[in-house]
Amino acid sequence: MAFAHTVASRRHVFADLKTLLAKASPARSGDQLAGIAAASEEERMAARMALADLPLRHFLDEALVPYEADEVTRLIVDGHDAAAFADITSLTVGEFRNWLLLHETDGEVLARAAPGITPEMAAAVSKLMRNQDLIAVARKRRVVTRFRNTIGLPGRLSVRLSASTPPGTISAPPSASTPPGTISAPSSRCCSCWMTCACVTTCPPSRAC
């Protein structure tokens with residue numbers, strides 16, 4: 001099924017759902033190298049406008065990867081919760097964005113709707129949202145994870161980064177007394193680096209690279 005939208009008297013046509021989603025994505029060098037990125041900002045905006053008018057239900061009718069050929073697609077389709085989807089089944093992708101940003105759509109509402117939202121629906125609506133929108137929606141649900149430090153507590157900025165600095169760049173991992181807000185990088189004995197405003201913990205000897 002083809003999709004189209006007109007911008008400044010120029011009609012932009014997108015051959016299928018995969019093409020529409022790719023063209024609506026923010027500019028990325030990887031997409032450009034793969035030849036799937038929008039050719040211009042005008043085409044990207046046209047794709048986003050066409051995507052905004054697309055009913056959410058369409059993602060249940062047209063799989064990005066054929067059901068018969070992909071186990072993940074079968075898992076998503078077979079596990080979809082129609083009852084959870086009922087409250088948003090009439091929305092378009094653009095209306096879904098607005099619904100997510102409503103004050104009334106709190107964490108409990110999102111938790112009820114979550115089993116009815118497929119990964120493709122989430123990916124589609126994210127292409128219509130600014131970083132501020134994504135943060136506003138994400139903060140409605142608290143997700144706390146703990147490993148070497150705790151991430152997800154309110155009032156704290158916590159980011160975990162994978163190791164990318166060559167071994168030996170930093171002489172030693174931070175100690176437990178390192179002041180909050182310190183940014184640390186991996187040493188020859190540390191498997192990961194992380195940045196947090198709450199705390200910094202050390203890489204235990206058992207996890208030495």
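1. Helix α1 passes helix α3 in a left-handed crossing, and this is a good place to begin reading the model, which is a predicted one. The two helices, α1 at residues 17–24 and α3 at residues 41–52, pack at an angle of about 125 degrees, and their axes lie 8 Å apart. Because angles of 65 to 115 degrees count as roughly perpendicular and those over 145 as roughly antiparallel, α1 is classed as oblique to α3.

2. On the α1 side, the residues that make this contact are Leu20, Leu21, Lys23 and Ala24, while α3 contributes Glu43, Arg44, Ala47, Arg48, Ala50 and Leu51. Sorted by class, the contact of α1 with α3 holds six nonpolar and four charged residues, with no polar ones.

3. A second helix pair to look at is α7 (93–101) with α9 (119–126), for which the packing angle is about 80 degrees and the axes are 9 Å apart. The angle falls between 65 and 115 degrees, and α7 and α9 are therefore roughly perpendicular to each other. Here Val93, Phe96, Arg97 and Leu100 of α7 meet Met121, Ala124 and Val125 of α9, a set that divides into six nonpolar residues, one charged residue and no polar ones.

4. Helix α7 also packs against α10, at an angle of about 55 degrees and with the axes 9 Å apart, and α7 and α10 are therefore oblique to each other. The residues that meet are Arg97, Leu100 and Leu101 in α7 and Asp133, Ala136 and Val137 in α10; by class they are four nonpolar and two charged, with no polar residue among them.

5. Arg97, which lies in helix α7, deserves a separate look, since this residue takes part in the contact with α9 and also in the contact with α10. Which residues does Arg97 touch once its neighbours within four places in sequence are left aside? They are Val125, Leu128, Met129 and Asp133. In addition, the C-alpha atom of Arg97 is separated by 8.1 Å from that of Ser126, although the two residues are 29 residues apart along the chain.

6. The second largest pocket contains about 350 Å³ of space, and its lining is made up of 14 residues, of which Leu100, Leu110, Ile117, Ala122 and Val137 lie nearest the centre. The elements that supply two or more residues to this lining are α7, α9 and α10. Two of the central residues also appear in the helix contacts described above, for Leu100 of α7 and Val137 of α10 are listed where those helices meet. Of the lining residues, 12 are nonpolar, one is polar and one is charged.

7. What is the volume of the largest pocket? The value is about 470 Å³, and the pocket is lined by 17 residues, with Ala138, Arg139, Gly152, Leu153 and Pro154 lying nearest its centre. Helix α10 (131–138) and strand β5 (158–162) each give at least two residues to the lining, and α10 gives the most, with three residues. The lining as a whole has nine nonpolar, three polar and five charged residues.

8. Read together, these points return to helix α10, which supplies residues to the lining of the largest pocket, supplies residues to the lining of the second largest pocket as well, and packs against α7.

Technical notes
Residues are numbered from 1 along each chain as its sequence is written. This is a predicted model: local features need pLDDT of at least 70, side-chain atom pairs count only at pLDDT 80 or more; totals for chains, interfaces and linings use all residues. Side-chain values use heavy atoms; hydrogens and water are left out. Axes are lines fitted to C-alpha atoms, for helices over the stretch in contact, and angles run from 0 to 180 degrees between N-to-C directions. Helices (H or I, at least four residues) and strands (E, at least two) are DSSP runs, numbered from the N terminus. Angles under 35 degrees count as roughly parallel, over 145 as roughly antiparallel, 65 to 115 as roughly perpendicular and the rest as oblique. A crossing is left-handed if the near helix is turned anticlockwise from the far one by less than a right angle, and right-handed if clockwise. Contact means heavy atoms within 4.5 Å. Ala, Val, Leu, Ile, Met, Phe, Trp, Tyr, Cys and Pro count as nonpolar, Asp, Glu, Lys and Arg as charged, and the others, Gly among them, as polar. On a 1 Å grid over the protein atoms alone, a cavity is a set of points where a 1.4 Å probe fits but cannot get out, and a pocket is an open set with protein on both sides within 12 Å along at least five of seven lines; lining residues have an atom within 4 Å of a point. Grid points are joined across faces, edges and corners, and a volume is the space filled by probe spheres set on the points.
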